[in-house]
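Biologist: Could you take me closely through the surroundings of the second ligand, and then through whatever parts of the chain are joined to those surroundings? I would like one connected account rather than a list.

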Amino acid sequence: MSENNYQFDVLYLGSGHGAFNGAIPLALKGKKAGIIEVGKIGGTCPNRGCNAKIALDFPVKMKKDVDNFQGHGLDGTPKINWADNVKHEKEVISQLPGGIEQGLKSVGIDVIHGYGKIVDAHTIEVNGTKYTADKLVVATGAHYHKIDIPGADLANDGTDFLNLEKQPDRMTVIGGGYIAIEFATIAANAGTKVTILLHHDKALRKFYQPFVEDLLKDLEAQGVQVVRDVNPESIEKSGDSFVVKTNKDDYDADWILDATGRDPNVEGFGLKEVGVDYDKNGIKVDDHLQTSVDSIYAAGDVLDKKVGKLTPTAIYESMYLTKLFTGATTDPIEYPAVPSAVFASPRIAEIGVSVDEAKANPDKYDVKESDLSTDWFRFAMQENKGQTIAVTDKQGYLVGATEISSEADNVISILAPFIEYHISPEKMSNLIPLFPTLGSETLNHL
Ligand SMILES: Cc1cc2nc3c(=O)[nH]c(=O)nc-3n(C[C@H](O)[C@H](O)[C@H](O)COP(=O)(O)OP(=O)(O)OC[C@H]3O[C@@H](n4cnc5c(N)ncnc54)[C@H](O)[C@@H]3O)c2cc1C
Ligand SMILES: NC(=O)c1ccc[n+]([C@@H]2O[C@H](COP(=O)([O-])OP(=O)(O)OC[C@H]3O[C@@H](n4cnc5c(N)ncnc54)[C@H](O)[C@@H]3O)[C@@H](O)[C@H]2O)c1
């Protein structure tokens, strides 16, 4: 019971990272919390997002690493067994919802299963029962966008891909974002003949384009067909295959992935009726993540936000709300530099000031490009391609970085604290890293 005689201090709608990462510390601070979930506990990332994807990707990355070592100490290229890989992915993720639910209950959080509808500023109804709270947090996430063309239902979405037990011989991917490129990489490395249809001339538009072009070239070298500036107009079934008809050619395959994005879950559960402001980009909040209704807050992918709709940003927002609700802060939310990566082979990762911004402002920034083929450690790893670009301010502080390589995700993670905590070049030179490691070589090249 809350101080104001509500059943809960905070009631979360949705159980993803936007909810549970903040709910647990909130409960540990003595607040009464409840979480309402219609699907699997933990939401997208553990059940049908990041965790499932990276479990499928591990053998893909390993295969690529082994390929690179042919003639340099390894003989024989492994083959990806699609069915076993999916089975392993399922073993990994099947433990997650139960574990998260147990974690929530162990700190006294009530987990309520069912579809929640907000009925007023302090009440959510689930299966005919009303639950009241001093504050509500809407963390309802997002769902797959469906391309608006005839026959769209014949295409599959990302969740279908993660559950696909039989390897398709030929797969057509519509879209050029994270999901399109990551899933095309997984399928192509397993031997599926993949075609990617881009409706612009670019993929991964938020990333440094010369690196994206390198990545697309690498995919093409593996037999992936990348078709640019093409508009899908319809999807039709033809015998056992599916044909994507476009303004240019027709593309037929056994399996089609619609990877045209994700839309926030904002409709059908009472936001409009209680007066919460939102549009197709998500819920509008102020700099305290408060919606247009005082007692209702929002976190995660459902937000209309400038930072990436990613797991770490959802976690950060959820934790921020916990600080706000427990009086640990009254400050507006301020995001640190947000890293992001495309988990393809090679990977592209970046953080902070972009290379394009730095190059456009030479009076403010310096750019240092390092070709990884000249790095003995990468040579030892047989990582014979790749590049890091570091952006520094005029005082030599690191403010941004981007890399393309098999280890780009790890390298950018290593650099994140230097950027966020504004570590001076002198302090950086005082560090003794473990040698020989990716970390020591990364710092050496700054
Ligand atoms: C295939 C894929 C791969 C991804 N890979 C990465 C990655 O590598 N790195 C990364 O940082 N991010 C990745 N993401 C993004 C990441 O998964 C999301 O940013 C994150 O999960 C958002 O968490 P959330 O809590 O906001 O929403 P969600 O995790 O989607 O949780 C929302 C929950 O609310 C529930 N819900 C909705 N409406 C109601 C209702 N009315 N009543 C009850 N319950 C309701 C839903 O069932 C859902 O479980 C990926 C996403 C996908 C789809
Ligand atoms: N590595 C990661 O961090 C990661 C991985 C997967 C997903 N995610 C998150 O999941 C969400 C969804 O990712 P995504 O890759 O689906 O979305 P996205 O928005 O990144 O990409 C959608 C792609 O579809 C294209 N597209 C849109 N309409 C189209 C049309 N009619 N015809 C052809 N192409 C069209 C767009 O140009 C774009 O290339 C994002 O929020 C992302 O942050 C993150």
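Modeller: For this account, a residue counts as near a ligand if its C-beta atom, placed from the backbone, lies within 6 Å of that ligand. What you see is a predicted model, and the shell described here is computed from its atoms. With that cut-off, 23 residues surround ligand 2, and the closest are Gly-175, Gly-176, Gly-177, Tyr-178 and Lys-309. Two elements give two or more residues to this shell, namely helix α7 (178-189) and strand β19 (340-342). The largest share comes from α7, which supplies 4 residues. Sorted by class, the shell around ligand 2 holds 11 nonpolar, 9 polar and 3 charged residues.

From β19 the path leads into further strands. Strands β19 and β20 pair in the antiparallel sense over 3 bridges, and the two form a hairpin with 4 residues between them. Within this pairing, Val-342 stands opposite Ile-348 in β20. Strand β20 itself spans residues 347-352 and is mostly covered, with 6 of its 6 residues buried. Strand β20 is also joined to strand β23 (residues 398-405) by 6 bridges, and these two strands run antiparallel; there, the bridge partner of Gly-352 is Gly-400 in β23. One can thus follow the chain of pairings from β19, which contributes to the shell of ligand 2, through β20 and on to β23.

It helps to set this beside the other ligand. Around ligand 1 there are 36 residues, the closest being Gly-14, Gly-16, Gly-43, Gly-141 and Gly-300. At least two shell residues are supplied by each of α1 (17-28), β2 (33-37), α2 (44-48), α3 (50-68) and α10 (311-325). By class, the shell around ligand 1 divides into 16 nonpolar, 16 polar and 4 charged residues.

The record adds some annotation, which comes from an unreviewed UniProt entry. That entry places a "domain: FAD/NAD(P)-binding" over residues 9-316, a stretch that in the model is 32% helix and 26% strand, with its end C-alpha atoms 20 Å apart. The same kind of record, again an unreviewed UniProt entry, gives the annotation "binding site" to Gly-116 and Asp-301. Of these, Gly-116 is found in strand β4, and Gly-116 is classed as buried because 25 other C-beta atoms lie within 10 Å. Strand β4 (residues 116-120) pairs with strand β5 (residues 123-126) in the antiparallel sense over 4 bridges, and the two strands form a hairpin with 2 residues between them. In that hairpin, Lys-117 has Glu-125 of β5 as its bridge partner.

As for how far to trust the picture, the protein chain has a mean pLDDT of 97, and 100% of its residues reach 70 or more. Among its elements, helix α15 (residues 438-444) has the lowest mean pLDDT, 88, whereas strand β18 (residues 296-298) has the highest, 99. For the complex, the predictor gives an ipTM of 0.99 and a pTM of 0.98.

Methods:
Residues numbered from 1 in each chain as written. Chains lettered and ligands numbered in written order. Predicted model: local features only at pLDDT ≥ 70, side-chain atom pairs only at ≥ 80, totals over all residues. Pairing = 2+ DSSP bridges. Nonpolar A, V, L, I, M, F, W, Y, C, P; charged D, E, K, R; others polar. pLDDT = per-residue confidence, 0-100. UniProt positions renumbered as here; feature names shortened; annotations may be inferred. Buried ≥ 20, exposed ≤ 12 C-beta atoms within 10 Å, placed from the backbone.
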